[in-house]
Amino acid sequence: MKQQLIVTIMGGNNLGILSEISNTVSATGCNILDSRQAIYGEDFSLTMILEGSQLEITKAELKLPQTCQNHDLLSMMKRTKRHSKQNLEHLIDVQISGDDIPGVIHKVSTLLTSFDAAISALRQHTFTDQDSQKEKMKVKFVASMPLEGDMAGLTSQFNALLDSLNLSGKISENH
């Protein structure tokens, strides 16, 4: 019976580090089912889900921390079950801009969740407007919705939320 392991690794973005990590995973006999990587300044974050037999997953739990320690990286692991790939059939892009107001991301993510939209990416950029000297923001979400999801209802409630916060934005389907 196959088992699955979520692995998160963080540290310096050194040349060849992903090769070292994937080599270690390969040596355990596990397969990488899915992964995400992000670069933050001079550091990176990698999250992946591995699949293998109980013995292979145990090997990964033992070998990956050794590789990470040798390269001054942090690692965290958790066994999980029944990974399924993200629904890529009905993606939506959500964009927001305006004054930097605390709680906006929470309010929008709560709204998306109420329509069964699963957020897969979030990016926020804050800056000082040169003319007004006010703190401004631009936020972008990428989410997947059920094919039968209520886009009209989501769009309507999203627009009402933005109006109440005096923000601008849009939701667009990304087929």
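This note walks through the sheets, helices, pockets and a few single residues of a predicted model.

1. Ground rules. In this predicted model, local features need pLDDT of at least 70 and side-chain atom pairs count only at pLDDT 80 or more, while totals for chains, interfaces and linings use all residues. Residues are numbered from 1 along each chain as its sequence is written, and side-chain values use heavy atoms, with hydrogens and water left out.

2. The E2-E3-E1-E4 sheet. A good place to start is an open sheet of four strands in the order E2-E3-E1-E4, with antiparallel pairing. Strands here are DSSP runs of E with at least two residues, and helices are runs of H or I with at least four, numbered from the N terminus; two strands pair if DSSP finds at least two bridges between them. Strand E2 (31-40) and strand E4 (74-80) are the edges; each has a single partner strand, so one side of each is left without a neighbour in the sheet. On average, neighbouring strands of this sheet are turned by 10 degrees against each other, direction ignored. As general background, strands of a sheet pair through backbone hydrogen bonds, either parallel or antiparallel.

3. Strand E3 and its partners. Strand E1 (residues 3-12) pairs with strand E3 (residues 43-52) in the antiparallel sense over ten bridges. Along this pair, threonine 8 stands opposite threonine 47, and glycine 11 has phenylalanine 44 as its bridge partner. E3 also pairs with E2, again antiparallel, over nine bridges; there, alanine 38 is matched with serine 45. E2 and E3 form a hairpin with two residues between them, and glycine 41 in the turn has a positive phi of about 65 degrees. E3 is mostly covered, with seven of its ten residues buried (buried means under 20% relative accessible area, exposed over 50%, partly exposed in between, with a 1.4 Å probe and protein chains only).

4. Helices on this sheet. Helix H1 (residues 17-28) lies across E1, E2 and E3 and runs at about 15 degrees to E3. Helix H2 (residues 54-70) packs on the sheet too, touching E1, E3 and E4, and its direction makes about 165 degrees with that of E4. For these statements, contact means heavy atoms within 4.5 Å; axes are lines fitted to C-alpha atoms, for helices over the stretch in contact, and angles run from 0 to 180 degrees between N-to-C directions.

5. The E6-E7-E5-E8 sheet. Further along the chain, an open sheet of four strands has the order E6-E7-E5-E8 with antiparallel pairing. Its edge strands are E6 and strand E8 (168-174), each pairing on one side only. The twist from one strand to the next averages 10 degrees. E6 and E7 pair in the antiparallel sense over ten bridges, and alanine 118 stands opposite serine 144 in E7. H3 packs on this sheet, touching strand E5 (91-99), E6 and E7, at about 20 degrees to the direction of E7. Helix H4 (residues 151-165) touches E5 and E8, and its direction makes about 165 degrees with that of E8.

6. The largest pocket. Its volume is about 490 Å³. A pocket is found on a 1 Å grid over the protein atoms alone, as an open set of points where a 1.4 Å probe fits, with protein on both sides within 12 Å along at least five of seven lines; lining residues have an atom within 4 Å of a point. Grid points are joined across faces, edges and corners, and the volume is the space filled by probe spheres set on the points. Of its 15 lining residues, Ala38, Tyr40, Ala121, Leu122 and Arg123 lie nearest the centre. E2, E3, strand E6 (118-128) and strand E7 (135-144) each give two or more residues to this lining.

7. The second largest pocket. This one has a volume of about 190 Å³. Met1, Lys2, Gln3, Gln4, Glu51, Arg79, Thr80, Lys81 and Arg82 line it, and E1 and E4 are the elements giving two or more residues.

8. Two residues worth a look. Aspartate 116, in the loop between helix H3 (104-114) and E6, has a phi near 60 degrees, a positive value in a residue other than glycine. Aspartate 116 counts as exposed, at 56% relative accessibility. Glutamine 133, in the loop between E6 and E7, has a positive phi of about 60 degrees although it is not a glycine. Glutamine 133 is exposed as well, with a relative accessible area of 52%.
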